[in-house]
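Work through the following exercises with the sequence and the 3D view side by side, and try each task before reading its solution.

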Amino acid sequence: QVRLVESGGGLVQPGGSLRLSCAASGIIVSSNTMGWYRQAPGKQRELVAAITSTGSTNYTDSVKGRFTISRDNAKNTVYLQMNSPQPEDTAVYYCAAKLRFTSIFYWGQGTQVTVSS
């Protein structure tokens with residue numbers, strides 16, 4: 001059974017920083033593609049960042065240079081470091097895993113990130 005548990009969300013000031021964590025069980029993060037998605041009210045869910053089993057990373061253009069996805073294989077945890085977040089980054093952030101060799105996705109429960117002064 002796969003479980004993804006996000007933490008680290010909350011209220012942050014514009015220009016501050018925040019680190020989201022995704023603790024995984026039932027799936028090895030280093031063997032699969034892991035990602036962070038976000039969904040703002042009235043908007044479609046969008047991929048923010050992803051990291052593959054080879055360590056390659058991809059980011060949506062709007063967060064390049066500000067956000068960093070990483071993993072700690074020993075902890076089986078994926079992180080999203082959010083530097084200089086802006087109000088438009090406000091959303092519920094979801095951790096996701098794509099099971100290798102399949103198109104099967106697993107989702108965490110989401111964590112709210114609010115960027116406001």
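**Exercise 1. Overall dimensions**

What radius of gyration would a compact globule with 117 residues have, and what radius does the chain have?

Solution. Keep in mind from the start that this is a predicted model. Begin with the expectation, which for a compact globule of 117 residues is a radius of gyration near 13 Å. Then turn to the chain, whose radius of gyration is 13 Å, so the value agrees with that expectation. As a further step, consider the box filled by the C-alpha atoms, which is roughly 40 × 25 × 25 Å when taken along the principal axes. Finally, look at burial and surface: buried residues make up 37% of the 117 residues, while the accessible surface comes to about 6100 Å², of which 48% belongs to carbon and sulfur atoms.

**Exercise 2. Elements and contacts**

Determine how many helices and how many strands the chain has.

Solution. Going along the chain from the N terminus, you meet the elements in the order β-β-β-β-β-β-β-β-β-β-β, and the count is therefore zero helices and eleven strands, since a strand here is a DSSP run labelled E of at least two residues. Next, ask how the chain folds back on itself: among contacts with a separation of 6 or more, 53% are between residues 24 or more positions apart.

**Exercise 3. The open sheet**

Work out which strands stand at the edges of the open sheet of four strands.

Solution. Write down the strand order first, which is S1-S3-S8-S7 with antiparallel pairing. Reading the two ends of that order, you find strand S1 (3-7) and strand S7 (67-72), each of which has a single partner strand, so that one side of each is left without a neighbour in the sheet. From one strand to the next, the twist averages 20 degrees. To examine one pairing in detail, take S1 and S3, which run antiparallel to each other over five bridges; one of the bridge partners to look for is Ser21 in S3, which is matched with Ser7.

**Exercise 4. The disulfide**

Find which cysteines are joined by a disulfide, and decide whether the bond is left-handed or right-handed.

Solution. A search of the whole structure gives one disulfide, and in this bond Cys22 is joined to Cys95 with an S to S distance of 2.0 Å, which lies within the 2.5 Å cut-off for a disulfide. The torsion about the S-S bond of Cys22 and Cys95 is about -75 degrees, and therefore the disulfide is left-handed. The pair links distant parts of the chain, because Cys22 belongs to strand S3 (residues 17-25) and Cys95 to strand S9 (residues 91-98), 73 residues apart. As a last step, check the surroundings, where both Cys22 and Cys95 turn out to be buried.

Notes: Residues are numbered from 1 along each chain as its sequence is written. This is a predicted model: local features need pLDDT of at least 70, side-chain atom pairs count only at pLDDT 80 or more; totals for chains, interfaces and linings use all residues. Side-chain values use heavy atoms; hydrogens and water are left out. Buried means under 20% relative accessible area, exposed over 50%, partly exposed in between (1.4 Å probe, protein chains only). Two strands pair if DSSP finds at least two bridges between them. Axes are lines fitted to C-alpha atoms, for helices over the stretch in contact, and angles run from 0 to 180 degrees between N-to-C directions. The radius of gyration is taken over C-alpha atoms; the globule rule is 2.2 Å times the number of residues to the power 0.38. Contact means heavy atoms within 4.5 Å. Accessible areas come from the Shrake-Rupley method with a 1.4 Å probe; for residues, only the protein chains shown count as cover.
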